[in-house]
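Work through the following exercises with the sequence and the model side by side, and try each task before reading its solution.

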Amino acid sequence: MSKRGYAASKKLLTGLIGAPIAHSASPAMHERAAEALGLRGHYQLIEVAGADAAGLRMMLEGVRRLGFAGVNVTYPYKEAVVPLLDELAPGAASMGAVNTVVVKDGRLTGHNTDTTGFARAVAPLLAPAGNAVAVIGAGGVGKAIAFALASLEGSDIRIFDSEPARAATLVSLLAPRGGARIAASVEDALHGAIGLVNGTPVGMLPDRGMPVATTLLHEGLWVADAVYSPLITPLLAAARAMGARIMTGRELAIYQAADAFELFTGLAPSTEIMGEAFDEVMAARSSAYQPA
């Protein structure tokens, strides 16, 4: 639908496919952004665990037929949806991962706003050159993070994944952009690095694990986490205690949502308004976890 069409209809139906997603701040961010633009927006959580290709195809067919402007896609389906779409934007095609599906004229087109969102979020942390960064995880969000870093000048990317074949695949995808290598271990990835990014779901509630041993953290690092539930993950808490600069998943969540909203509607949302909505969700969740 065109900008004019949205302005006339005042209705916007979007959503999120993934599992688990009950914690997601996306409904609040998208609905608040829509309201500020004079739209009546509804953002539907579509939580289905363990869906196979046939199940995902059914969900996407529903998205196509039920009036959705589009949906976001999160763990564990960012790569699984790729072969089920009609078309891929160049960036999503390059990495083989999608977090945003736009519906237009009955066709489903996959995009990746994790990449654009993370590039915007991480830029202030990067020095002009010599940016050796360890990326832990080569799945959907890890791919987006690595591609974002590769788009920024001077990045030296070391990728570790518990499944070496996934890291090798990502490095091969990044080969035309240069500067990425497979790390044999977390220790190898962090050797001489100035930055560390967790691109895995480790540390997302209810999990309280860490993707990196505390002994590898130090004040010379900056550490970012794609997880935002909780906002201060065990990794970020440990890094901060060691004197490292940290970046929570807040900025990535806001910027990727803003870029997705614009793809859905053709309208640029206020990142400030989306940020306020995100913060309210996080504050309410934090209160819910406080003992009575």
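**Exercise 1.** In this predicted model, establish in which sense strand E7 and strand E10 pair, and over how many bridges; then place the two strands in their sheet.

Solution. Begin with the pair itself: strand E7, residues 131-136, and strand E10, residues 195-198, run in the parallel sense and are joined over 4 bridges. Within this part of the model, Ile 136 stands opposite Asn 198 in E10. Next, widen the view to the open sheet, in which 6 strands follow the order E9-E8-E7-E10-E11-E12 with parallel pairing. Strand E9 (180-182) and strand E12 (245-247) have a single partner strand each, so they stand at the edges and one side of each is left without a neighbour in the sheet. Finally, consider the twist: on average, and with direction ignored, neighbouring strands of this sheet are turned by 20° against each other.

**Exercise 2.** Find how many cavities of 30 Å³ or more the whole structure holds, and describe the lining of the largest cavity.

Solution. A search of the whole structure yields 1 cavity of 30 Å³ or more, and the space in the largest cavity comes to about 40 Å³. Its lining consists of Leu 12, Thr 14, His 30, Glu 31, Gly 41, His 42, Tyr 43 and Phe 261. Sorting these residues by element, one finds that strand E1 (11-18), helix H2 (26-36) and strand E2 (40-47) each give two or more residues to the lining, and that E2 provides the largest share, with 3 residues. Sorting the lining by residue character instead gives 3 nonpolar, 4 polar and 1 charged.

**Exercise 3.** Decide whether Lys 78 is buried or exposed, and do likewise for Met 274.

Solution. Start with Lys 78, which is covered by the annotation "active site" in an unreviewed UniProt entry; that annotation may be inferred rather than shown by experiment. Lys 78 lies in the loop between strand E3 (70-73) and strand E4 (87-88). The relative accessibility of Lys 78 is 10%, and because buried means under 20%, Lys 78 counts as buried. Turn then to Met 274, which belongs to helix H11, residues 271-288. With 0% relative accessibility, Met 274 also falls under the cut-off and therefore counts as buried.

**Exercise 4.** Determine what distance separates the C-alpha atoms of Met 274 and Leu 217.

Solution. Along the chain, Met 274 and Leu 217 are 57 residues apart. In space, the separation between the C-alpha atoms of Met 274 and Leu 217 is 32 Å.

Methods. Residues numbered from 1 in each chain as written. Predicted model: local features only at pLDDT ≥ 70, side-chain atom pairs only at ≥ 80, totals over all residues. Heavy atoms only, no water. 1 Å grid on protein atoms, 1.4 Å probe; cavity = no way out; pocket = protein on both sides within 12 Å on 5 of 7 lines; lining within 4 Å. Points joined across faces, edges and corners; volume = space filled by probe spheres on them. Nonpolar A, V, L, I, M, F, W, Y, C, P; charged D, E, K, R; others polar. Pairing = 2+ DSSP bridges. Axes fitted to C-alpha atoms, helices over the stretch in contact; angles between N-to-C directions. Buried < 20%, exposed > 50% of the residue type's maximum accessible area, 1.4 Å probe, protein only.
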